[in-house]
Structure formats: C-alpha cells, structure tokens
Amino acid sequence: MTEEKDDFIEAEINGGEAGQENSPADLVLAAEILPSGLPILPLRPRPAFPSLLIPMAATGEAQVKAVKKAVESPTQALGLVMVRDLESPDAPENLHKTGVVGKIVKLVHADEENAHFLVNCLERFTIEELQNTPEGLFARAKYHFSAELSVNPELKAYSMAIIATLKELVQINPLYSEEIKLFLNRSSMNDPGRLADFAANLTSADGQELQQILETFDVRRRIDRVLVVLKKELEVSRLQSKISKQIEEKVSAQQREFFLKAQLKEIKKELGLEKEGKTTEIEKFQQRLKGLKLNDEAQKAVDDEMEKLQLIEPSSPEYNVSRNYLDWLTILPWGKFSKDSYKLDRARKVLDRDHYGLDDVKERILEFIAVGKMKGDISGSILCLVGPPGVGKTSVGKSIADALGRTFYRFSLGGMRDEAEIKGHRRTYIGAMPGRFIQAMKSAGTANPLVMLDEIDKIGASFQGDPASALLEVLDPEQNGSFRDHYLDVPFDLSNVMFIATANQFDTIPAPLLDRMELIRLSGYILEEKVEIARRYLIPKALKNHGLQKGQVSIRKAALEAIIDGYAREAGVRSLENRIKKIMRKAAMEFAEGRTEKIAIGKKDIETYLGKPQFSPDEVFENVPGVVTGLAWTSMGGTTLQIEATAMLAKGKGFKQTGQLGKVMVESSEIAYSYVMAHLKEYGVAEDFFDNHFVHLHVPAGATPKDGPSAGVTMTTALLSMITGKPVKKKLGMTGELTLTGRVLPIGGLKEKTIASRRAGLKTLIFPEGNRKDFEELPEYLKEGLEVHFASEYNDVFPIALGDRRKI
C-alpha cells in the first residue's frame, strides 16, 4: 500500500495531472506545468501571496524534506499554506484549505534541520486531498488562475484608491518605499488582483485577516477587503509617526537646551562672570569661615580638606564626600552665641503668661535664672522635668528659652535605639550624617541654644548600641566641652548649651544618666487649676483652631467643673483639651448649618455634647465593710484605688490576692495578712477567726498591672474592716508601707497622691509620719480643706479609720 501511495505522489509531482496526455501540438516545458500534487510547507505567522518573490526558511525534519522534494521535482513547485493555530503542530487538520503555489528559485542552504531558499509565488490553490506521509505533507491541489479582466471604470477607481493609499504610506513610513516604487513602475492598472495581493502583503495586518484576503477569489471583493486593511495600516502609521515626532521634538529640545547651557557657561567663563563649580564651592566655604572661631583641631581639618578638595575632580565619588564634610564643618556656629537675658521680672511674666499654677516649678526656674545672673552664665545646667502626660513639660521648656532669649530646639529620644543617632555615623559609610546634637547646632545657628530632650525615659537599646550610654558624654558638664561626633571627628563645645529633658517617670532612666540631671517634678493639676487653664488657654485656642470668633461659644464654670470631674480626671489637661475640641466641633457644625445665636454651654448641656460621663462621684469610694480607698502613684500621675477584702467559711485557713498585682504588692498583702493574724486579740477579734475562714483580697481594675509597697496600710485596714464588719470613715484615703512589727514607712509621690485625693473628693488623708516634711512643703491651695493625719505605726491608723478599738 505504501508503494502505491509513493507511486501516486511521484505521478502527481512529475507527470502533471493524473492520467493526462499531451499531444505533440500541445508541447510545453515541463518546468512551466503546475503539478496537481504538491509537497506542503506550513507557514507561520502569515500567508504568502501570488506574484511575489520572497525569501523563506524551513525548520524541522519534515519541512526540510518537503523543500528538498520540491527542489528535486522538474517543476520545483512547493505549496505554501498557513496554519490555523500558531501553537499547534503541523498536522493536516491544522492547515487552511487555501494556499499559494510557489517555485523555488534558489536553495541557499539546506541541512537535516534547516533550509533557506528563495521562492517565487505563482497562483492560488485549494486543497482537495491532504495526506501526512513520512516524506511530509502532500496535497492534491486545485488551482485558481488569475483571469485577465477588462478594466472597467469601477476597477480602475479601486486600483487608483489602492495606489493613492500606498503612496501615502510611503510618505509616512519610508521603510517599504523601494519595494512599492519598484512594483508601481512595473505594474499597470490592467491587473487589479495582483495589485491587491501586493498591497495586502505589504501591511502588518493579522495573519488570519490576510488569510481571508487570500481566500477571496473574487477580485472586486478582494480589493474591498484590501482597502479596509490599508486604511487601518495608514492610521497606525500616522499614529506611529506622530508619536515618533513628539519624542524627537522632546529629545531635540533637551539637546538644544544642553548645548545652549554649555555655550552660555563657556561665554560666562570667558567674560569672567562665572567660575568652575569647584572654585565656587571653595569660595563659599571660605566665606562661611569668616567670623567663625574654630578650635585648632577643627581649623586644621578644614584646611586639610580644602587642599584635598582642590585636587579631586568633581566627577570623583570622593568629591561629594569631601564637599559634604566641609559643608558641615563650615555651617556649624563655631563661637557664635546669643546674649542671655537674666531679667527676673521678664522671666516671671513669661512663665505666668504661658502657664497657670505650677508655682513651685516657676520658683525653681526663677532661682535657676537668678544663679545664672550672679554667676554670669548658666553653662553646665541640665534639668529634667518629670511628670505625667499633659502637664506642660514641653511648653515649660519653650517658656524658659523665651525667658532667657535663647534659640529653642526640640527632638524626641523616645524609641531611639541606635547610638549613631547621638554621636553620628562615620564618614566611611554611604549617606553618613552627624548625630542629632550636631544637627541641633546647625538648626539653632548659635552655640548656646536650649535643647529639649523629650521622652528621655523611653530611650531604648539594641544590637546597634546603647543611646543612653552615648548621652552620658553629652550631658556631663565635665566632658561635653569637647564633644566629638563620629562624623565630624573634631571636638565641638556643647558646654554652653542648656539641656532640658522631659520624662513621665524616672524609674526607667539609667542611674548614671539620672545622676547628671536635676529633677523638677510637675505633679499635675487640681480641679480649680484645670478650670483656670481651660478658661485662659484651652478655650481661646480651641475657638481659634475651629474658625470661631471670641464669644461665639462660651462654657460656664459649672460646666467646666462637670467636664473635669466626669470626663477628664487625669493629672494633665490633654483629655480636657480633647473634650473642649469636641464641643467646638459640634458648635462649628451648628453654625455651619445656619445658626446665628451665640452658644452658652451650661452644666445640663454637657451630656448633649459629650455623652454620658466616664466617671461618677460614687465610684471612688464605697462605704461598706472591707472596702478602703488607697492612694497610688503611676506614670500618669496620682490616682486612687479601692482595696476590697472578704472572708468565707472554710475547713482551714487560706489567703489569695487578685487584681494583677506585682511581686512587691503581693508581698505587702502577705505582710498585712500576717500582721492582722498576729494582732487579732488586740483589735477585739477572736483569735481563731482565720482558722476557719478563707480570705480573698482584691484590687479592682484587674486588667491594669499594679505594684509597689505603699498599699500595705490600706490592705491591713481593709482586712480589719472586713473582720470587724465596720466600714471605714467616709471620704477617707490612706497610703503607707507597713512592716511586720506594725511600723508605717514613708512613701514617694506624696504631691501626686494629694492631688489625686482632691480630684476624687476625699477629705481625710492618712500619710506616714516620715512624709510630714514633704506635705508641709506643698502649696497651701493643695492642703486647704484637707484633714491630714500622720502615722508612725499602724496603731495610729486604726482609730482614725475604724474608731477606738475599745468600742468594737
């Protein structure tokens, strides 16, 4: 069967049409006969068109065999058929039915896998039968010869339209100009079909769209389709030309600007109007140095770097490093000082203008300025303002700078973990910069500014170093006169700088760093102070920030007291300020919606603007047995906390504590439990009470961690109140550390605790005897209206809290 098929193929290729015989009168050259059987070469990604001479390449063993088979045949005919799917293999079902027969004019190169040849495309054909053989694809073909048409006016018009479009394409895109000119010179209007095929082949249209044109045998319809494709090509070419022109114009403009600038630079240089960049930079640095008083080491570093800069080419990477170093060295205020003002009256006015209350803090600052007046300078002074958030630590620092007439510079140390932030990076690193203190000197413009170090208690440490240790040199008056930044690598005098640090608590500040600073406590504000601060500062500021006129919105004193007591009980005024802002926002909305009358806010209107109060007067103390109000200190200021005790019948004794207590506080509760158990008879209670009772001690707000020794007295009182069944005195608060022998030891934060007790409305306070001197130093307005008792042992506390033990 295979031999019969091969014979058929040979007959089809070599013998013309199967079974055809030629008479002597019809003799023709064998090379001019188109065989009915053709080896097929699949095409990608576009078809071939008749009457074109094109180079081609065959890849793969099957395609090369088809080409060689065609070359060996007398007609050298090869069928060129486009595939349907470009990604699918050369299978019969993947070929279109219409293709072009071509004659291989020249075989340029051929091996087993590749063949390169030149083919002259002749006529269209359709596949009647297609077979896939070991020699490749072979097809029985039916030819569609181009008929000579009589040129009528319609076809002539179509031909002229194609030629006109081709000429436009040549003008826009000269890529195919030679090919188009050659075709137009050797073609006439008498063959519109050939013209259409040529025009279609010239376009960059999609392969499937070109295949449709190839399959259109009617010349009239073919020309229609070709004109559509040509018009698309023309539009694409026009758009491409427009884009290219825009890009060329931009490039030309940039080149023109570059050349003009270069010419202008040369002209200015010739006229002496401009100097080279390096010369200009050096003159700028020399101009800066005039009036500066550099130390010997810094002056030598500047001179050496100037000489180095003159030898380096601007294109060198080292040039920018050297230039930046000189820029920093020459921009610092070497020997430039602002004149200090030691006028105490002016300083007092500035402090009173900016702050209400804080009399003890103001007095300490005035003493500080007075010492500077007598001494002649205030160098070596490092203050640390410690207090809860919102009490005005940063604004106090600004006021001190204003009173002294110094430049104020502030930066935060909170979260700082890299030592290089303090002492700078070494110049060997890319992007190296000086530390924050040298940057502060540059920004301040003087060598004696007031530098505020915010949040010094929140400074961190990491593998990159310990910034707190780096601060030791900066904040030591004996060392900061020759502070050496890693970037500058020359000493800079920081001894004339006044440093003021702020912190919420000093427990987290390293001891060597704390030792270098003088602490000034800002404990917080009581209700009366907050009312005045709101009336003098917060309300006018809020009116201005919300676009309201003075007097448009007013808040009565009773309303302010209600806001402070019900919504803003913290030590500072930040929460109070936020509540006032909320009122102003709602008032601004009313005015924006058309209200014209002024708004006066009374106590009864507060809930309308702020909602339900967050605090109620009754939640601070409950007058029931086993509940006692204690006084505590936190980083947010003083606060009150209730301690509750209860007992349950049990087979044996037991004791537990809840409320997320710290280790020290747990120990205080155990001391209180042991003390009460050892003195039951003394307080009129059965000595076997604890033998059959399980005792539970709780400190509410269980989600908040608590620790410290100062609740010992309060816990003891809560246990005795629970055992005796007698509530403590109303509006009573207490604090103090208790020992096993009943002694009451002094505590810290007395001022903050006193302020907290006033905020909570407590009237009777019990403090350790060791804190009497601290209480006496408090301002009179804090002590006014308070009944204060001092206890040296617990026997002094019991009668005040629970009455005479003999009456139990």
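In this predicted model, the side chains of Lys 783 and Glu 780 come together in a salt bridge, with an N to O distance of 3.2 Å. Both residues belong to helix α26 (residues 780-783), where they sit three residues apart, about one turn of the helix. The two partners differ in their surroundings: Lys 783 is buried, with a relative accessible area of 16%, whereas Glu 780 is exposed at 57%. Since buried means under 20% and exposed over 50%, the two residues fall into these classes because of their respective values.

This pair belongs to a wider set, as the structure holds 38 salt bridges. Side chains of opposite charge can pair when their charged atoms come close. One example joins Asp 90 to Arg 44, whose closest N and O atoms are 2.8 Å apart. Asp 90 is found in the loop between β3 (77-82) and β4 (98-110), and Arg 44 in the loop between β1 (37-43) and β2 (53-59), so this bridge ties together parts of the structure that are 46 residues apart in sequence. Asp 90 is partly exposed, with a relative accessible area of 28%, and Arg 44 is likewise partly exposed, at 36%.

A further bridge links two helices. Glu 577 and Lys 541 meet through their side chains at 3.3 Å, N to O. Because Glu 577 lies in helix α20 (residues 574-592) and Lys 541 in helix α18 (residues 527-545), the pair ties together parts that are 36 residues apart in sequence. Here Glu 577 is the buried partner, with a relative accessible area of 17%, while Lys 541 counts as partly exposed at 45%. Salt bridges can also be joined up, as in the network that links Arg 346, Arg 353, Asp 354 and Asp 402.

Attention now turns to a sheet. Five strands make up an open sheet with parallel pairing, in the order β8-β9-β12-β7-β13. The edge positions are taken by β8 (408-412) and β13 (518-521); each has a single partner strand, so one side of each is left without a neighbour in the sheet. From one strand to the next, the twist averages 20°. Strands of a sheet pair through backbone hydrogen bonds, either parallel or antiparallel. Within this sheet, strand β9 (residues 450-454) and strand β12 (residues 498-503) pair in the parallel sense over four bridges, and Val 451 stands opposite Phe 499 in β12. Helix α13 (residues 393-404) packs on the sheet, where it touches β7 (382-386), β8, β9 and β12. The direction of helix α13 makes about 175° with that of β9.

Nonpolar residues also appear at the surface. Leu 239, Ile 243, Ile 247 and Val 251 form a nonpolar patch there, with about 340 Å² of accessible area together. One of these residues, Ile 243, is placed in helix α7 (residues 219-271) and counts as partly exposed, at 41% relative accessibility.

Asn 771 offers a buried example in a loop. This residue is found between β23 (764-768) and α25 (772-776), and counts as buried at 1% relative accessibility. Which residues are in contact with Asn 771, leaving aside its neighbours within four places in sequence? These contacts are with Pro 746, Ile 747, Leu 750 and Phe 790.

Technical notes
Residues numbered from 1 in each chain as written. Predicted model: local features only at pLDDT ≥ 70, side-chain atom pairs only at ≥ 80, totals over all residues. Heavy atoms only, no water. Buried < 20%, exposed > 50% of the residue type's maximum accessible area, 1.4 Å probe, protein only. Contact = heavy atoms within 4.5 Å. Patch = residues over 30% accessible without salt bridge, like charges linked within 9 Å, V, L, I, M, F, W, Y side chains within 5 Å. Areas by Shrake-Rupley, 256 points an atom, 1.4 Å probe, with all protein chains shown as cover. Salt bridge = Lys/Arg side-chain N within 4 Å of Asp/Glu carboxyl O. Pairing = 2+ DSSP bridges. Axes fitted to C-alpha atoms, helices over the stretch in contact; angles between N-to-C directions.
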